[in-house]
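Trainee: Could you take a close look with me at one part of this protein, the sheets and the helices that pack around them? I would like to follow how the pieces fit together, step by step.

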Amino acid sequence: MMDTQMDNDVELLAMLDADTTLDAARPILELAASYFADTRRGEGPVSTWHSAQVIADRLAGPMPRGPRALSDVARRLSSLLLQDVNRLAHPMCIGHQVSAPLPAAVWTDALISALNQSQAVREMSPSFTPLEHQVIAWMTDLVGWDEQAGGTMTSGGTEATFAALLAARSRAVPDVWTNGLGANAPVVVCGEHAHYAVSRAAGAMGLGMTRVIVIPSRELRMDPDALRARLDALCTGGTRVMAVVATAGCTATGSFDDLTAIADLCDEFADDHGPLWLHVDAAHGGAAMLSPRHRHRVQGLVRARSLAWDPHKTLLLPLSAGMVLVRSQDDLTRAFTQEAPYLFSSGSAAQIWDLGPRSFQCSRRADVLKLWVAIERYGSDNLARLYDRLCRMAQTLHGLLSARRDFVPLHEPMSNILCFAWRPEGITGEDLDTLTDALRERYNRSGRGWITATTLDGRRVLRVTVMNARTDDTHLATLVDGLVAEAALVLHKR
């Protein structure tokens with residue numbers, strides 16, 4: 001019995017050792033390289049026309065009990081799954097806010113997984129916790145904050161906004177960790193186009209949806225006059241404002257709120273703690289800070305108390321790589337005040353490097369490494385040029401559509417997002433909403449490309465987000481031609 005167990009252990013360890021070599025990894029790495037090559041040439045469909053059930057049926061079967069060669073696993077991976085992925089690196093994929101990631105960052109992901117350092121405390125990640133401090137310092141310097149600023153990497157903008165609002169909550173209700181929110185909970189104020197992360201945070205932290213005050217927009221941006229009127233009413237009524245949330249690059253349209261005007265109002269309606277807490281959700285538009293061409297869009301950002309930013313969006317990193325930044329690092333520490341002596345050593349020299357005490361997550365990958373590699377490989381100036389190019393392509397599409405009557409741009413793009421309406425003659429209202437969704441579905445299922453849709457002013461509209469550095473003018477012209485062709489078929493079948 002013992003000999004058999006030892007033989008099994010030896011066999012198992014030999015299998016693990018065999019998988020550590022570059023030759024063993026090659027079948028998987030070749031899948032990634034082939035994907036890059038095929039999509040770079042613009043070959044194949046952009047997405048799949050198969051239903052989820054078709055793919056589920058293909059995968060059905062008992063869990064494997066024994067091993068397969070890694071090369072065989074790679075073949076099964078290719079045949080069972082890869083034919084039906086969204087090819088984000090295809091230049092005709094112009095839909096969601098998920099990037100065609102930078103190659104150097106892609107290859108770094110494998111190294112991050114191999115090293116498997118946890119960013120909670122410095123002793124679990126001796127090199128990469130200091131690295132995260134350095135990269136965060138670079139980013140807070142971009143904002144214009146001083147050495148008191150700080151932050152951490154996050155899973156994305158939703159977590160970053162949640163962490164920032166927790167910090168704002170601790171400022172508004174200092175004893176919240178001990179006694180809760182109390183009877184007169186404060187409110188959070190945001191624009192009507194704010195990301196759902198704001199209302200999700202309000203619900204998760206016990207404020208409740210009724211404590212989220214929504215300000216209407218003017219030209220797709222939070223209306224400062226409406227904000228002033230609402231803050232005045234809240235102040236007069238004795239309601240505490242926990243935070244005002246502005247957006248720099250909103251999800252639906254890519255528009256940027258007037259941060260200076262909003263910061264002025266936060267100063268004007270200061271309470272006993274000082275100016276109202278201004279949080280800026282720059283998950284999508286944070287890259288504008290790098291760009292001399294677009295930095296004016298985030299003018300006033302330096303006056304924010306906290307900031308959410310997703311480098312996995314317009315800095316084109318693989319998922320996930322978000323961050324929360326704060327003007328005072330102590331704000332995050334207070335937000336997560338907690339005792340965990342098995343992990344955090346209060347008062348120790350290592351504590352200044354530990355990231356867990358100021359982060360919502362404990363076990364966390366060293367995703368900062370792929371951001372650092374991208375900056376080292378391409379340089380911040382070239383990353384800015386990539387962002388400029390994405391924005392320029394949205395402007396190019398705006399020009400193409402402005403010359404038409406059947407497809408009409410709905411706003412001047414402020415970033416790499418453009419919404420536009422299909423306007424077939426004689427069709428309006430709910431009928432047009434239904435046909436717009438049908439057109440988008442038909443176009444995407446054709447394999448010619450991939451776009452999204454949203455609702456603006458109560459009407460369904462089409463939407464593109466340029467997240468691929470290889471998308472150019474010819475692809476955008478092809479998009480328009482493809483939509484025109486599919487629109488004719490939708491109307492014919494009506």
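What follows is a walk through two sheets and their neighbouring helices.

Mentor: Happy to! Keep in mind that this is a predicted model. Let's begin with the mixed sheet.

This open sheet has 7 strands in the order S1-S9-S8-S7-S6-S2-S3, and its pairing is mixed. Strand S1 (150–154) and strand S3 (212–215) are at the edges with a single partner strand each, so one side of each has no neighbour in the sheet. From one strand to the next, the twist averages 20°.

Start at the S1 end and step inward. S1 pairs with S9 in the antiparallel sense, over 5 bridges. You can find this pairing on screen by looking for Gly151, which stands opposite Leu325 in S9. On from there, S8 and S9 also run antiparallel, joined by 4 bridges. Here a handy marker is Trp309, whose bridge partner in S9 is Met323.

S9 deserves a pause. This strand is mostly covered, with 5 of its 5 residues buried. Side chains in a regular strand alternate between the two faces of the sheet. In S9, Gly322, Val324 and Val326 point one way while Met323 and Leu325 point the other way, and all are buried.

Elsewhere in the sheet you will meet a parallel pair: strand S2 (residues 187–191) and strand S6 (residues 241–247) are joined by 4 bridges. Cys190 has Val245 in S6 as its bridge partner.

Now add a helix. H6 lies across S1, strand S8 (306–309) and strand S9 (322–326), and runs at about 115° to S1. H6 also has a helical partner. Two packed helices are described by the angle and the distance between their axes. For helix H6 (residues 128–143) and helix H13 (residues 368–402), the axes come within 10 Å and cross at roughly 55°. That crossing makes H6 oblique to H13, and it is left-handed. On the H6 side the contact involves Phe128, Leu131, Glu132, Val135, Trp138 and Met139, which meet Val368, Leu369, Leu371, Trp372 and Ile375 in H13. By class, the residues of this contact are 10 nonpolar, no polar and 1 charged.

For another helix pair, turn to helix H7 (residues 157–172). H7 packs with helix H9 (residues 197–204) at an angle of about 50°, and their axes are 9 Å apart. H7 is therefore oblique to H9, and the crossing of H7 and H9 is right-handed. Thr158, Thr161, Phe162 and Leu165 in H7 meet Ala197, Val198, Arg200, Ala201 and Ala204 in H9. This contact divides into 6 nonpolar, 2 polar and 1 charged.

While you are on H7, look for Ser170, which has its place in this helix. Ser170 has a relative accessible area of 10%, so it is buried, the cut-off being under 20%. Apart from neighbours within four places in sequence, Ser170 is in contact with Val176, Trp177, Arg334 and Ala335.

Let's move on to the other sheet. This one is also open, with 4 strands in the order S10-S11-S13-S12 and antiparallel pairing. Its edge strands are strand S10 (407–409) and strand S12 (452–456), each pairing on one side only. The twist here averages 40° from one strand to the next.

At one edge, S10 and strand S11 (residues 417–422) pair in the antiparallel sense over 3 bridges, and Val408 stands opposite Ala421 in S11. Helix H15 (residues 473–493) packs on this sheet and touches S10, S11 and S13, with a direction that makes about 30° with that of S11. Helix H14 (residues 429–445) lies across S10, S11, S12 and strand S13 (459–465), running at about 30° to S13.

At the other edge, S12 and S13 run antiparallel and are joined by 5 bridges. Leu456 stands opposite Arg459 in S13. The hairpin of S12 and S13 has 2 residues between the strands, and Asp457 there takes a positive phi near 50°. Unlike S9, whose residues on both sides are buried, S12 has a covered face made of Thr452, Thr454 and Leu456, and an uncovered one made of Ala453 and Thr455.

Key
Residues numbered from 1 in each chain as written. Predicted model: local features only at pLDDT ≥ 70, side-chain atom pairs only at ≥ 80, totals over all residues. Heavy atoms only, no water. Axes fitted to C-alpha atoms, helices over the stretch in contact; angles between N-to-C directions. Parallel < 35°, antiparallel > 145°, perpendicular 65-115°, else oblique. Left-handed = near helix turned anticlockwise from the far one by under 90°. Contact = heavy atoms within 4.5 Å. Nonpolar A, V, L, I, M, F, W, Y, C, P; charged D, E, K, R; others polar. Pairing = 2+ DSSP bridges. Buried < 20%, exposed > 50% of the residue type's maximum accessible area, 1.4 Å probe, protein only.
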